[in-house]
Amino acid sequence: MNPFASLRVPIAREEEMDAAELPPDHYAKVLADLSRINALTLAPRPTLGFLDRVEARGIGDRPWRILDVGFGAGDMLARIARWGERRGVALDLAGVDLNPKSEAVASVRLGGRARLVTGDYRDLAGRGWDIILSSLVSHHMTPGQRTEFLRFMEAEAARGWLVNDLHRQRLPFAGYPLLAALALVDPIVRRDGQLSVGRSFRRAEWLAMLAEALPDAAGECRIFRSFPYRLCVERIR
């Protein structure tokens, strides 16, 4: 993709890894390479920082019920499980992913540390979630789907919720292909990674989305940058 393509608004294009016809073994390789890129770009950092801030408000007397929407390879759930073990916080972990090919990959990584569901997160309403979070998911949604997702999290997460996503900026958009080439990732990860930056959002756009979706709670939400190029939204009660 042209590194000088316009980033004035999010790029409207589907990512190749979402294609239904992608064979399971190729999809597994894409997820594995994406996990390596996420580790290199410090993707877990804002999620674990969010959990630290929730913990600071009190652990409580029962396991935290955490739902990861769009669990992919399960690497974020694995990091959360290790965070809980180190901190002595009991966790009841679950993940949901629309792609039926994700569950086989994530179950190997997680080894039973989380319940995995293939399907729609909306079907998991009313299950007593304490925390709902996602990583690199919100930019895959349409505006209407994102509004619905924000309202779901606000209604269902007793302790709080987090959107962990990318920040649409020129430097990561232009520079990501070099990182991907050096990391020797699958061509789909190279192309989709750059496109993901182009599809992601800026602070003003998140402010507008929050105002539309959560007019009564938008002021309680926090938008923050996380090094190197993440722009996240959190709500902690």
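D52 and R87 form a salt bridge in this predicted model, with their closest N and O atoms 2.8 Å apart. D52 belongs to helix α2 (residues 44–55) and R87 to helix α3, so the pair ties together parts of the chain that are 35 residues apart in sequence. Both partners fall into the intermediate class of solvent exposure: D52 is partly exposed, with a relative accessible area of 28%, and R87 is partly exposed at 38%. Side chains of opposite charge can pair when their charged atoms come close.

## Salt bridges

The structure holds 17 salt bridges in total. Three of them are set out below.

| Pair | Closest N to O distance | Location | Separation in sequence |
|---|---|---|---|
| D52 and R87 | 2.8 Å | helix α2 and helix α3 | 35 residues |
| R191 and E16 | 2.5 Å | helix α7 and the segment before α1 | 175 residues |
| R222 and E234 | 3.1 Å | strand β6 and strand β7 | 12 residues |

The side chains of R191 and E16 meet in a salt bridge at 2.5 Å, N to O. This pair links distant parts of the chain, since R191 lies in helix α7 while E16 lies in the segment that precedes α1 (24–40). R191 is partly exposed at 40% relative accessible area, and E16 is likewise partly exposed, at 33%.

A further salt bridge joins R222 to E234, with 3.1 Å between the closest N and O atoms. Here the link runs from strand β6 (residues 222–226) to strand β7 (residues 230–236), across 12 residues of sequence. The two partners fall into separate exposure classes: R222 is partly exposed at 39% relative accessibility, whereas E234 is buried at 5%. Because the limit for a buried residue is under 20% relative accessible area, the 5% of E234 places this acidic partner in the buried class. Elsewhere, salt bridges that share partners join K29, D33, R36 and D186 into one network.

## Positive surface patch

Arginine side chains also occur in a patch of like charge. R79, R82, R86, R109 and R113 form a positive surface patch. Helix α3 (residues 75–87) gives the most to this patch, contributing three residues. R113 is located in the loop between α4 (102–110) and β3 (115–118). With 34% relative accessibility, R113 counts as partly exposed. Membership in a patch requires over 30% relative accessible area and no salt bridge, so R113 meets the area criterion with its 34%.

## Buried positions in helix α7

Helix α7 (residues 187–199) contains S196, and Q194 is placed in helix α7 as well. R191, the partner of E16, is also in helix α7. In contrast to the partly exposed R191, S196 is buried, with a relative accessible area of 8%, and Q194 is buried at 3%.

The contacts of these two buried residues are as follows, leaving aside residues up to four places away in sequence. S196 touches E15, H139 and L166. Q194 touches M1, P3, F173, Y176 and P177. As a reference for the spatial layout, the C-alpha atoms of Q194 and L77 are separated by 24 Å, and these residues are 117 positions apart along the chain.

## Backbone geometry

Most residues other than glycine have a negative phi, and most peptide bonds are trans. Several positions in the model depart from this pattern.

The peptide bond from F227 to P228 is cis, with omega near 5°. P228 is found in the loop between β6 and β7, the strands that hold R222 and E234 respectively.

L42 has a positive phi of about 60°, although L42 is not a glycine. This residue sits in the loop between α1 and α2, and L42 is partly exposed, with a relative accessible area of 34%. L136 also has a positive phi, near 60°, and is a residue other than glycine. L136 is placed in the loop between β4 (131–135) and α5 (143–156).

Which exposure class applies to L136, buried or partly exposed? At 15% relative accessibility, L136 counts as buried, because its value is under the 20% limit.

Definitions and conventions
Residues are numbered from 1 along each chain as its sequence is written. This is a predicted model: local features need pLDDT of at least 70, side-chain atom pairs count only at pLDDT 80 or more; totals for chains, interfaces and linings use all residues. Side-chain values use heavy atoms; hydrogens and water are left out. Patches are made of residues with over 30% relative accessible area and no salt bridge: like charges are joined within 9 Å, nonpolar side chains (Val, Leu, Ile, Met, Phe, Trp, Tyr) within 5 Å. Accessible areas come from the Shrake-Rupley method with a 1.4 Å probe; for residues, only the protein chains shown count as cover. A salt bridge is a side-chain nitrogen of Lys or Arg within 4 Å of a carboxyl oxygen of Asp or Glu. Lys and Arg count as positive and Asp and Glu as negative; His and the chain ends are not counted. The place of a charge is taken as NZ of Lys, CZ of Arg, CG of Asp or CD of Glu. Helices (H or I, at least four residues) and strands (E, at least two) are DSSP runs, numbered from the N terminus. Buried means under 20% relative accessible area, exposed over 50%, partly exposed in between (1.4 Å probe, protein chains only). Contact means heavy atoms within 4.5 Å.
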